[in-house]
Amino acid sequence: MRNSVPTFKHWQRSLLGLLLTVVLLITGCQQAKAPDRFAQAQQDSTKRGVTAVAKDATQGSQFNKYFPKPGAGYERVYTQEKKGFSEAALKKDGKEVAKLSISDTSSLPAAAAKYENSSQTIAGYPAITMGKTQTSVLVGKYQVKVLGRDPNFSQAEREQWISKFDLKGLSKLKI
Amino acid sequence: MSKTIYELVDELPTDGMTVKALNALDFVVPGQWQNLTGFTNTISAVTGETDDAMIQAIGERAVYLYNDSSQGYQRAMWLYNTVDSAAGALGAAALANKIGQDISFLGFLGNLTPKPEKAQSLDLAVKLVVELVAFCQINGIPGDSIGDFLAALGDYGGESLMRMAALVCYDGLIPLGGGFIEKGMASITQTSPDELQKNQTFKGVSDLIPGGNPAGQLGFITQSFDSVKGWMGDFVSSRNLTQQSVLSHLSQVIQVSADKLDYVGAFLDVSVKYYTHTGTQTLARRLIERAVAEL
């Protein structure tokens, strides 16, 4: 087979060239693609024994009684009730204006840790405003958050709705 | 390994048969459905947050929540996917080499077999139950809570309401006509547990249908259908929906022929994956809503 290279026909050389180009193109594209921004979270969250919700987190059904009562044109529709989390939509004239939620921070300690630097309080509880739409307080290990869903739902309204939760009752919840 | 939640949302098509068929139902639920695709895009749209670090944090928490199998989100995704592929399994093999393309109805006619009315009715009922069970998985209420589901149906909006509109129109009105609710009910009550077990759509999802055994599951399906038939009836009558009106809107975006009506249902079964599409959107929305609230 010593003579195999010289016997390469023209079309074989062209094919080889084409294949090389394709290989280079493919590897080039792969290098150009930005690393996926959620790939690390995907990898970490699928490791053996990793869960998103703490084993001893309070059931969401325990939280419902501490939510603000509907009325005065406002409707309250519960949307999720999972272990460690409960959420309701706050609606006015049939339109969602905010989301109301209670979560157990034992699943996500960083959620509780952020209050350590907070100087703000609502109804006596450490409070934080985050992003464009979020206001929350920490009541024991529970976070109570109001998220604006309508651009007109102001920070003042978010604070007002936080104080409409039965925060005192929630502070006594021991599970 | 199965796909990540962000891949599933990133890969939602922006055009094609499913998107066209759903857009055709805008007249049924005006303005309710925009085809929201892309994971970070969905995070911004759902939360109103635009800061990149905030979007990253929300996305990462959503990934964790989805991957915690005890939370039920993956089961809901499996249900939405499976019910779509099981219903269209018969024509799927012929369709396999046409993925991502628009398929012409007439060109595909030779590969289609119209489903008998009974199988079509069972499909409708099983799909309805899948919505109920997936709803319970996503929202965290017990899997057989027909009452909770009924209460929530009245509050359905966005892509969830669009999914129900597609169920009524594409699995009810088009294949079975104006009397689809009565036909559906009659078919289920005449079905034996044995027959149910042979239904392709049921076979696909039976593991997650409450009831314990085929007889119990048939009972659950019957009870669910019976409970939701009032809602479906109102949905149709309040919007003056008819087989003709749905077909005429559908034929504006997808070429189908009214004289081959038997085949249109079969064609939709294999080419339109509306449960997977809107189900992924619902799931992403719920995950993101929870993620941002927990941060």
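Of the 175 residues in chain A, 33% count as buried, where buried asks for 20 or more other C-beta atoms within 10 Å of a residue's own, exposed for 12 or fewer, and partly exposed lies in between, with C-beta atoms placed from the backbone. Keep in mind that this is a predicted model, in which local features need pLDDT of at least 70, side-chain atom pairs count only at pLDDT 80 or more, and totals for chains, interfaces and linings use all residues. Residues are numbered from 1 along each chain as its sequence is written, and chains are lettered from A and ligands numbered from 1 in the order in which they are written.

Let's stay with chain A for a while. Its secondary structure comes to five helices and seven strands; these are DSSP runs numbered from the N terminus, H or I over at least four residues for helices and E over at least two for strands. Reading from the N terminus, the order is α-α-β-β-β-α-β-β-β-β-α-α. As for contacts, two residues have one if their C-beta atoms, placed from the backbone, lie within 7 Å. Take the chain A contacts between residues at least 6 apart in sequence, and 48% of them join residues at least 24 apart.

A good place to look inside chain A is A:V137, which sits in strand β6 (residues 134-139). A:V137 counts as buried, with 26 C-beta neighbours inside 10 Å. Leave aside its neighbours within four places in sequence, and A:V137 is in contact with A:I122, A:Y125, A:P126, A:A127, A:V144, A:I162 and A:L167. One of these partners, A:Y125, is twelve residues from A:V137 along the chain, and their C-alpha atoms are separated by 6.0 Å.

Now for a couple of loop residues. A:A72 is not a glycine, yet has a positive phi of about 50 degrees. You'll find A:A72 in the loop between α2 and β1 of chain A, and it is exposed, with 6 other C-beta atoms within 10 Å. A:D93 also isn't a glycine, and its phi is positive too, near 50 degrees. A:D93 belongs to the loop between β2 and β3 of chain A and counts as exposed, with 8 C-beta neighbours inside 10 Å.

On to where the two chains meet. The contact takes 28 residues from chain A and 28 residues from chain B. On the chain A side, the elements giving two or more residues are α2 (39-45), β1 (74-82), β2 (85-92), β3 (95-104) and β7 (142-148). β1(A) gives the most, with five residues. By class, this side of chain A has nine nonpolar, twelve polar and seven charged residues; Ala, Val, Leu, Ile, Met, Phe, Trp, Tyr, Cys and Pro count as nonpolar, Asp, Glu, Lys and Arg as charged, and the others, Gly among them, as polar.

Over in chain B, turn to helix α11 (residues 180-189), whose buried residues are B:F180, B:I181, B:G184, B:S187 and B:I188. Seen down the axis of α11(B), they fall within an arc of 135 degrees, so they line one face of the helix; the arc is that of the directions from the helix axis to the C-beta atoms. The buried residues of α11(B) pack against α8 (117-139), α10 (158-176) and α14 (214-238) of chain B.

Last comes the largest nonpolar core, with 124 residues; such a core is a set of buried Ala, Val, Leu, Ile, Met, Phe, Trp, Tyr and Cys residues joined through C-beta atoms within 7 Å. α8(B) gives the most to this core, with 14 residues. The residues with the most contacts inside the core are B:I58, B:V129, B:C169 and B:L287. Not counting residues up to four places away in sequence, B:L287 touches B:I5, B:A62, B:L65, B:Y66 and B:Y73.
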